[in-house]
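The exercises below ask for close reading of a model, and each task is followed by a solution that goes step by step. Please try each task on the structure before reading on.

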Amino acid sequence: MLAAVEIYNKPNFAYREESFAILAINAWELILKARILQLENNRLSSILLYEKRRKADGELSDKLYRKRNRSGTHLSLGLFQAFDRLVSEYGDTIPNAVRENLELVTEIRDNAVHFLNKGFDLGKTVQEIGTANLRNYMTLIRRWFGIDVAAYNFFLMPLAFVGHPSEASLANLNSEERKLLQFLSDRISAETGADQDYSVALRMDVKFSRSKDATAEHVAVTNDPNATPITLSEEDIRERYPWDYAILTTRLKRRYSDFVQNHTYHQIRKPLEDDDRYCKKRYLDPAAKKGVAKCFYSPRILDCFDEQYTKKI
């Protein structure tokens, strides 16, 4: 993802939108697979593709075999296969806006339109979609893995710094470019904006101006060690406690034949939440440990539920 941002922000690079889309989609596919591996305790088979093989008599085998490509390498899940598996099989909560945004970036990648400053409106639309893509990526990587990427300056340079629209070529979009722009615009217009943390596209206006107004805000970027520092930190608990309540419940439904999400389940789970081996509680005020708390569970908690429920064959 850093490579995608760095290439996009080059001052004179004609293939910026396509390069960003290709690298960003690659980054997303890897991070979605990493999330599955996290939830599966790094079990590699969880991200591989399987297929039935045709036997000598022409019938398909009951056994599943790892699918391979032409070079013999094992095939793994694609972008949307990984996304859908996280939502449907693991119960991970990923807003629909994230998938819609990924579909648009994938469409840009698949069309591979060569812009060359020829269509400023199309470049502007891609930037709005790309900025939302970065924001969604940063939010999920922090939520899933506790990684703060603020130090990497994840932002797409405003087009005003790349090239002013008045200086761009006025050549008309061809029919394929017009179709892509219309498709992207229609999907952006249909966004509901229900979740403020995730977006299909972000519209932005950037303006710098001098002001003698005494009430104007002063902003400066500095390496001065005497300046007042502002830092963001988050305890990294995702390695040991990757499951929230929804994912835990989904995993139990898949694991046991007699599991029911009822009062008995809550009676079993509640005492385990006080045991650091199985659960970590996060508070709005971590220092005081007061207020609303959210529980995150270790996969080790399954050992306790194995004693209470019957595992599926």
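**Exercise 1: a polar pair**

Task: find the side chain that joins asparagine 101 in a polar contact, and state whether asparagine 101 is buried or exposed.

Solution. The side chains of asparagine 101 and asparagine 133 are joined by a polar contact of 2.8 Å, a term that stands for a pair of N or O atoms within 3.5 Å, where within protein one atom must be able to donate a hydrogen and the other to accept it, and where residues adjacent in sequence count only if both atoms are side-chain atoms. Asparagine 101 itself belongs to helix α4, residues 96–111; helices (H or I, at least four residues) and strands (E, at least two) are DSSP runs numbered from the N terminus. With a relative accessibility of 0%, asparagine 101 is buried, given that buried means under 20% relative accessible area, exposed over 50%, and partly exposed in between (1.4 Å probe, protein chains only).

This is a predicted model, in which local features need pLDDT of at least 70 and side-chain atom pairs count only at pLDDT 80 or more, while totals for chains, interfaces and linings use all residues. Residues are numbered from 1 along each chain as its sequence is written, and side-chain values use heavy atoms, with hydrogens and water left out.

**Exercise 2: salt bridges**

Task: work out how many salt bridges the whole structure holds, and describe the pairs formed by arginine 99, glutamate 273 and lysine 281.

Solution. A search of the whole structure gives 14 salt bridges, each being a side-chain nitrogen of Lys or Arg within 4 Å of a carboxyl oxygen of Asp or Glu.

- Arginine 99 pairs with glutamate 103 at 3.1 Å, N to O; because the two residues are four apart in helix α4, about one helical turn separates them. Glutamate 103 is partly exposed, at a relative accessible area of 24%.
- Glutamate 273 and arginine 269 meet at 2.8 Å, N to O, and here glutamate 273 is buried at 8%, while arginine 269 is buried at 5%.
- Lysine 281 bridges to aspartate 274, their closest N and O atoms lying 3.3 Å apart; lysine 281 is partly exposed at 30%, whereas aspartate 274 is exposed at 61%.

Beyond these pairs, Arg35, Asp92 and Arg143 are joined into one network by salt bridges that share partners.

**Exercise 3: backbone angles in a loop**

Task: determine what phi asparagine 41 and asparagine 42 adopt, and where they lie.

Solution. Most residues other than glycine have a negative phi. Asparagine 41, although not a glycine, has a positive phi of about 55 degrees, and the phi of asparagine 42 is also positive, near 60 degrees. Asparagine 41 is placed in the loop between α2 (16–39) and β1 (50–54), and asparagine 42 lies in the loop between α2 and β1. Asparagine 41 is exposed, with a relative accessible area of 54%, and asparagine 42 is exposed at 57%.

**Exercise 4: a distant neighbour**

Task: locate leucine 248 and give how far it lies from phenylalanine 296 in sequence and in space.

Solution. Leucine 248 sits in helix α8, which spans residues 245–255, and is buried, its relative accessible area being 0%. Between leucine 248 and phenylalanine 296 there is a separation of 48 residues in sequence and of 8.9 Å in space, C-alpha to C-alpha.
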